[in-house]
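Visitor: Please show me the model, and then we can go through its charged side-chain pairs.

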Amino acid sequence: MQNEMLTIKVRGDDGFRNITVRISNRMLQGIEDIVKQTGRSRNEIISLMLDFAFSRIKIESDTV
């Protein structure tokens, strides 16, 4: 048993980044409600919502 080694692999880049976002209490409560209903994590719900919205954003300019 003394010769056994604990091998720990170096964590690689998984393509994700952590960010901090400031949101309203109302929005957080809505997310928490969805979390309770679905059993998914807050992170999963927010990621799904962003994925859904990302391709549906239209940028409008005030300039003519």
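The questions below deal with salt bridges and the exposure of the residues in them.

Guide: This is a predicted model, in which local features need pLDDT of at least 70, side-chain atom pairs count only at pLDDT 80 or more, and totals for chains, interfaces and linings use all residues. Residues are numbered from 1 along each chain as its sequence is written, and side-chain values use heavy atoms, with hydrogens and water left out.

Visitor: How many salt bridges does the count come to?

Guide: Side chains of opposite charge can pair when their charged atoms come close. A salt bridge here is a side-chain nitrogen of Lys or Arg within 4 Å of a carboxyl oxygen of Asp or Glu. By this rule the count is four.

Visitor: Which residue forms a salt bridge with Glu32?

Guide: Glu32 is buried, at 19% relative accessible area (buried is under 20%, exposed over 50%, partly exposed in between, with a 1.4 Å probe and protein chains only). Its closest N and O atoms with the partner are 2.5 Å apart. The partner, partly exposed at 46%, is Arg42.

Visitor: Where do Glu32 and Arg42 lie, and how far apart in sequence are the parts that the pair ties together?

Guide: Helices are DSSP runs of H or I with at least four residues, numbered from the N terminus. Glu32 lies in helix 1 (residues 25-38) and Arg42 in helix 2 (residues 42-54), so the salt bridge ties together parts separated in sequence by ten residues.

Visitor: Is Arg17, which meets Asp13 in a salt bridge, buried or exposed?

Guide: The N to O distance between Asp13 and Arg17 is 3.2 Å. Asp13 has a relative accessible area of 61% and is exposed. Arg17, at 62%, counts as exposed.

Conventions. Helix = DSSP H or I, 4+ residues; strand = E, 2+ residues; numbered from the N terminus.
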